[in-house]
Amino acid sequence: MAARKLLRRAGRDRAGRFLVEGAQAVREALAGQGAAGQGPHARVHELFVTASAAERQPELVTAARAAGVRVVPATDSAVASLSDTVTPQGIVAVCDLLDVPVPVALGTAPSLVVVCAGIADPGNAGTVIRVADAAGADAVLLAGDTVDPHNGKAVRASTGSVFHLPLARERDPDAVLDACRTAGLTLLVADGAGERELYEPSLTAVLTGPVAWVFGGEAHGMPEAVARRAAHRVRIPIHGRAESLNLATAAAVCLYASVAARRR
């Protein structure tokens with residue numbers, strides 16, 4: 001089955017397609033499909049579905065056919081071979097890759113953007129995308145050696161948010177940061193040793209303006225070359241005995257601090 005090659009990043013990049021597993025993710029992909037595959041956020045080409053999954057989710061099969069998607073009945077073992085989970089759900093879609101060029105993702109007047117710099121864990125990357133979506137961010141930019149957002153674990157962790165906001169991948173972190181500055185965004189790096197505290201009153205004026213929050217990798221933190229480009233390095237205060245916050249939690253705290261500052 002040619003679709004198995006999409007389990008690997010090289011195969012995805014060559015084909016320009018990726019796998020979307022599970023009812024919720026497939027539902028979000030189809031929601032962006034539109035009539036006859038004309039939706040702006042996803043182009044679903046095929047839907048592989050087992051008999052039991054088709055019985056559980058008949059509305060997804062109906063929606064796929066209505067959108068012009070090729071529905072392929074498949075055995076449990078065939079669909080499981082397209083999954084990297086322990087308990088496959090029996091439904092997998094093949095979609096076009098979602099990422100766009102950085103300028104396209106930023107649009108004309110972004111106000112809240114997330115930059116993932118060197119995030120290696122796909123679950124963390126997917127959860128940050130989910131948080132960005134929930135906070136109303138305009139885009140998520142994946143810079144440098146950050147994991148592929150089309151990775152199966154990242155897609156599942158996003159719970160469909162990969163289909164809700166623009167994503168861009170760029171190997172050159174400087175190009176991403178330059179684009180953010182050109183778009184009028186103030187660069188804020190989340191840094192446990194930052195010189196500014198997130199809740200200090202003097203930072204409120206910054207948070208109410210257009211900002212790009214930059215989050216670094218889990219093990220090694222923010223690349224120093226990226227951190228040097230920031231207008232401010234911002235730390236989240238730790239009031240208890242915890243050593244630190246995990247990446248997704250830190251992203252949620254920072255992004256919602258921006259949302260709160262704008263609503264005051």
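This tour moves through a predicted model, selection by selection, from one sheet to the other.

**The four-stranded sheet**

Begin by selecting strands E1, E4, E2 and E3, which in that order form an open sheet with mixed pairing. Strand E1 (17-21) and E3 stand at the edges; each has a single partner strand, so one side of each is left without a neighbour in the sheet. From one strand to the next, the twist averages 20 degrees.

Restrict the view to E2 and E4, whose pairing is antiparallel over five bridges. To locate one of these positions, select Val 44, whose bridge partner in E4 is Cys 95.

Next, display the helices that meet this sheet. H4 packs on the sheet and touches E2, E3 and E4, its direction making about 150 degrees with that of E2. H2 lies across E1, E2 and E4 and runs at about 35 degrees to E4.

**Glu 46**

Select Glu 46, a residue of strand E2. Is Glu 46 buried or exposed? Its relative accessibility is 18%, and because the limit for a buried residue is under 20%, Glu 46 counts as buried. Leaving aside neighbours within four places in sequence, the contacts of Glu 46 are Val 69, Arg 70, Val 72, Val 92, Ala 93 and Val 94.

**Helix H4 and its two sides**

Select residues 58-66, which make up helix H4, and colour its buried residues: Leu 60, Val 61 and Ala 64. Around the axis they cover an arc of only 100 degrees, which puts them on the same side of H4. This follows a general pattern: an α-helix has 3.6 residues a turn, so residues three or four places apart point the same way.

Turn to the other side of H4, where Thr 62 and Ala 66 are exposed. Then return to the buried residues and ask what covers them. The cover includes helix H2 (23-31), strand E2 (44-49), helix H3 (51-56), strand E3 (70-73) and strand E4 (91-96). Before leaving H4, select Gly 68, just after the helix, which takes a positive phi of about 80 degrees.

**The seven-stranded sheet**

Now select the open sheet of seven strands, ordered E7-E6-E5-E10-E8-E11-E9 and paired in parallel. At its edges stand strand E7 (167-170) and strand E9 (196-197), each with a single partner strand, so one side of each is left without a neighbour in the sheet.

Within this sheet, select strand E5 (residues 112-117) and strand E10 (residues 211-216), which pair in the parallel sense over six bridges. At Ala 117, the bridge partner in E10 is Gly 216.

Add helix H9 (residues 173-182), which packs on the sheet and touches E5, strand E6 (139-143), E7, strand E8 (186-190) and E10. The direction of H9 makes about 150 degrees with that of E6. Helix H12 (residues 247-263) also packs on the sheet, touching E5, E8 and E10, and its direction makes about 170 degrees with that of E10.

**An aromatic pair**

Finally, turn to the aromatic rings: a search of the whole structure finds two aromatic pairs. For one of them, select Trp 213 and Phe 215, whose ring centres are 6.2 Å apart and whose planes lie at 10 degrees, so the pair is stacked. Trp 213 is buried, with a relative accessible area of 0%, and Phe 215, at 1% relative accessibility, counts as buried.

How values were computed: Residues numbered from 1 in each chain as written. Predicted model: local features only at pLDDT ≥ 70, side-chain atom pairs only at ≥ 80, totals over all residues. Heavy atoms only, no water. Buried < 20%, exposed > 50% of the residue type's maximum accessible area, 1.4 Å probe, protein only. Helix = DSSP H or I, 4+ residues; strand = E, 2+ residues; numbered from the N terminus. Arc of directions from axis to C-beta. Contact = heavy atoms within 4.5 Å. Pairing = 2+ DSSP bridges. Axes fitted to C-alpha atoms, helices over the stretch in contact; angles between N-to-C directions. Phe/Tyr/Trp six-rings, centres within 6.5 Å; stacked < 30°, edge-to-face > 60°.
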